[in-house]
Amino acid sequence: MKLLLTSLLAAFLALPAVSSFAAGEAASAPASGAASAPAAAAPAAAAPAAIAPVSAAKPDLAKGEASFTAVCVACHGVGGNSGTPTFPTLAQQHPEYLVKQLQDFKSGKRQNAIMQGFASALSEGDMRNIAYWVATSKAKPGFAMDKNLVALGERIYRGGVADRRIPACAGCHSPNGAGIPVQYPRLSGQHAEYAAAQLTAFRDGVRNNNLVMSQVAAKLNDKEIRALADYVAGLH
Ligand code: HEC
Ligand code: HEC
């Protein structure tokens, strides 16, 4: 399993273009490049039967759409635009980030009873198919709700808080909230309730699958969390 993930990751890293695509058609170009590139195929040579089907295969977007529409749509909404504030929007999220979260739910590294069940039913291939498909779906813009809070959120998001060593969120999630492929998730338009719940979970050690975010969130108080979550909801 570890080897398989490593070779998958290696294939992604060797192909910077794969992480920046946004349109559906673009997805096939870098992935087919991977299949024909000898360097990316090298790990498969060691254990062809176990590794080749996943690492060489480009994501099957049609299958991803079908699986998403059969199961995930119930909570994550049409095209991954969730209509429920506690369920995250997945549309336009970096696919590598989504795959990592699904792996973390499945392994229990990120704990959530609902998602552990759904993620456990997915193979590595299913995860990739769904993640790469939903990433091609355009996210609907969101809105900030609280004019007073949003100014505080904007200040921390852009500049951090120097004397408390809180880094600017923009440094990793980008100034417009689009995130930075492959590991820094898009926050722009995410539901404030979901974002606030995640920041609180990181702070309180409930979400434990990323050290950097735990350290960042550890320094935030409740008001700052609400302000940041409100700000990112309307950010674009
Ligand atoms: C019954 C509702 C429900 C269904 C169905 C569901 N999810 Fe989720 N999903 C959630 C909830 C709730 C969360 C937030 C979990 C948390 O708080 O950590 C979540 C979180 C996620 C995340 C993490 C997003 C992020 O921004 O970190 C991913 C990825 C995800 N779901 C993918 C899927 C996929 C793929 C399916 C279908 C196979 C699916 N979900 C089906 C409720 C659901
Ligand atoms: C040093 C880089 C870094 C900085 C600075 C940073 N983040 Fe993050 N953030 C990450 C990474 C990496 C993840 C994904 C963690 C994972 O892989 O599970 C993340 C995840 C998140 C999530 C969860 C997204 C989701 O869909 O579940 C939220 C919300 C978030 N960050 C908000 C913030 C806010 C607000 C700030 C500023 C106070 C901030 N981050 C600063 C790197 C950073």
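Helices (H or I, at least four residues) and strands (E, at least two) in these legends are DSSP runs, numbered from the N terminus. The model is a predicted one, where local features need pLDDT of at least 70, side-chain atom pairs count only at pLDDT 80 or more, and totals for chains, interfaces and linings use all residues. Residues are numbered from 1 along each chain as its sequence is written, while chains are lettered from A and ligands numbered from 1 in the order in which they are written.

**View 1. The whole protein chain, 14 helices and 0 strands.** From the N terminus on, the elements read α-α-α-α-α-α-α-α-α-α-α-α-α-α. Of its 236 residues, 37% are buried, meaning that 20 or more other C-beta atoms lie within 10 Å of the residue's own; exposed is 12 or fewer, partly exposed is in between, and C-beta atoms are placed from the backbone. Take the contacts (C-beta atoms, placed from the backbone, within 7 Å) between residues at least 6 apart in sequence: 68% of them join residues at least 24 apart.

**View 2. The shell around ligand 1.** Here 20 residues surround the ligand, with Cys 72, Cys 75, Pro 88, Gln 101 and Asn 112 the closest; a residue is near a molecule or strand if its C-beta atom, placed from the backbone, lies within 6 Å of it. Helices H6 (61-76), H7 (95-107) and H8 (113-120) each chip in at least two residues, and the largest share, 5 residues, is from H6. By class there are 16 nonpolar, 4 polar and no charged residues. For the classes, Ala, Val, Leu, Ile, Met, Phe, Trp, Tyr, Cys and Pro are nonpolar, Asp, Glu, Lys and Arg are charged, and the others, Gly among them, are polar.

**View 3. The shell around ligand 2.** Among the 22 residues around this ligand, Pro 167, Cys 169, Cys 172, Asn 210 and Leu 228 come nearest. The elements giving two or more residues to that shell are H11, H12 and helix H13 (211-218). The class split is 15 nonpolar, 6 polar and 1 charged.

**View 4. Lys 109, in the loop between H7 and H8.** Lys 109 counts as partly exposed because it has 14 C-beta neighbours inside 10 Å. Leaving out residues up to four places away in sequence, Lys 109 touches Asp 104 and Asn 209. Lys 109 and Asn 209 sit 100 residues apart in sequence, yet 5.8 Å apart in space, C-alpha to C-alpha.

**View 5. Backbone oddities in two loops.** Gln 92, in the loop between H6 and H7, has phi near 65°, a positive value in a residue other than glycine. With 21 C-beta neighbours inside 10 Å, Gln 92 counts as buried. Over in the loop between H11 and H12, Ser 174 also isn't a glycine but has a positive phi of about 70°. Ser 174 has 16 C-beta neighbours inside 10 Å, so it counts as partly exposed. Val 182 lies in the loop between helix H11 (170-173) and helix H12 (192-203), and a cis peptide bond with omega about 5° joins Pro 181 to Val 182.

**View 6. Helix H14 (residues 222-234).** Of its 13 residues, 10 are buried, so H14 is largely enclosed by the rest of the structure. Those buried residues include Glu 224, Arg 226, Leu 228 and Tyr 231, and their cover includes helix H10 (147-159) and H12. What span should H14 have at 1.5 Å a residue? The expected value is 18 Å, and its end C-alpha atoms are 19 Å apart, which agrees; the expected span is 1.5 Å times one less than the number of residues.

Terms used:
Two residues are in contact if their C-beta atoms, placed from the backbone, lie within 7 Å.
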